[in-house]
Amino acid sequence: MNDLNLTTLDGGLATVSAPVLDAFAASLRGQLLNAGDAGYDEARSVWNAMIDRRPGLIVRCAGAADVIAAVNFARENHLLTAVRGGGHNIAGSAVCDGGLMIDLSTMESVRVDRVARRVWVEPGATLADLDKETQAFGMAVPTGINSTTGVAGLTLGGGFGWTTRKLGLTIDNLLSADVVTADGELVRASTAEHPDLFWALRGGGGNFGVVTAFEFKLHKLGPQVFAGLVVHPFDDAKDVLKAYRAALEDAPDELTCWAVMRQAPPLPFLPAQWHWKEVLVLAMCWSGDMAAGEKATAALRAIGKPIVDVVGPNPFTGWQTAFDPLLQPGARNYWKSHDFIELADKTIDILDGAIRTLPGPECEIFVGHVGGAAERVATDATAFPQRSSHFVMNVHARWREASMDDACIGWARGIYDATRPLAVGTAYINFMPADEADRVEAAYGGNYARLMEVKRKYDPDNLFRMNQNLRTKSKRKAA
């Protein structure tokens, strides 16, 4: 390898000599890549096609020893550092320009202990990897709704999906984590070991180190759930959303229903005349006793006059991939989100108007139904603070051509601004785009001060800053 000029934490350049780079590469089980190497472009590519950054070096880690070596190399050379798990983050924080990218994507093992009901997961594993292994034993960890999402990023931000109301957030099921901290030390974080770090990891994002293994508790679930879609004409959206809201007031924890508003893709079960027409979809999942599913979903399925109802028994692994075709990599994406205690009439009016002005056929808004078991955890028990929210809105602008950037981003921001007075002020950090750095403190609410204490203890120089960052007063200027 030749000498390289790499971007530093203060935005300058550091020249790293060829002998130092060669020694670093020789210390790894994995690969060290630069721009001239095969595999470089694949490694730097992430889910959101708006992100096109070129790291100076990429370490494709094969295990914890490689991660330790990479963190030490980054710290000793004061390098701007990004950490990639699944590469699904909307802000593109997995990739930096000119610095060091620590790529964990090949560390993807999942090991199940069905007797102890525990599962150990490496940080490169996706939700699909986790579900495949756990469902072999009729067990599950509550995660998200897109199977290509990385377990690591989802977990560190909180993690919610179809089974959250019954089983809690992903972080509520985290038992321990192995973490390489900024000083290159590998520590175990749990309620018994480094409990302050364990608290912060559960919702605080990648601010504190690089997790090399997660240990989760498992729950009996599957292999089938009672789930599916009910599709309504969008002209009925206001009435359907109000009835949806009422039907969920006393919903048991086993029942989750999300509302998705968009143009209908050409789904095989949908009449052709509805393809690419605006629709409202109620996506529901009953994760309780299968025999009770029909009755439990009856009130939601009785709303309005749907175009089609395809709710019924489904393999859990299949339901977890139901939205994957709409979320494939390669598109440009921008998100804006809010947490709501209730779905107010004014919010419904704003959403109705927004869908009638969609800037493109892949843009959508979804309203996630949460609460339940996740709500019964104290606000300060984990870094994740928004326990009282019953609904999470995500405005998902998605498009293909750069010429549409302004229209699609402007649409999302407009909805965000219009609904801001109705929201509670917190935010799910995994839904926050790169331009929301000024929102981080509000996102964590009363937990922010404690998070800053943990950040100063474990990463005082803010080495891990490519995230929704907790900015410390470093000895070096923050980027």
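**Exercise 1. Describe the second largest pocket, whose volume is about 370 Å³, by its lining.**

The model is predicted: local features need pLDDT of at least 70, side-chain atom pairs count only at pLDDT 80 or more, and totals for chains, interfaces and linings use all residues. Residues are numbered from 1 along each chain as its sequence is written, and side-chain values use heavy atoms, without hydrogens and water.

Step 1. A pocket is an open set of points on a 1 Å grid over the protein atoms alone, where a 1.4 Å probe fits, with protein on both sides within 12 Å along at least five of seven lines; lining residues have an atom within 4 Å of a point. The volume is the space filled by probe spheres set on the points.

Step 2. The lining comprises 23 residues, and Leu229, Leu267, Phe269, Ala322 and Phe323 lie nearest the centre.

Step 3. Two or more residues each come from strands E14 (224–233), E15 (255–263) and E16 (278–286) and from helix H11 (316–319); E14 gives the most, with 4 residues. Helices (H or I, at least four residues) and strands (E, at least two) are DSSP runs.

**Exercise 2. Determine which strands stand at the edges of the open sheet of 5 strands.**

Step 1. The strand order is E7-E8-E12-E10-E11, with antiparallel pairing; pairing requires at least two DSSP bridges.

Step 2. E7 (110–113) and E11 (186–189) each have a single partner strand, so they stand at the edges, with one side lacking a neighbour in the sheet.

Step 3. Inside this order, E8 (residues 118–121) and E12 (residues 210–217) pair over 4 bridges, and Val119 stands opposite Phe216 in E12.
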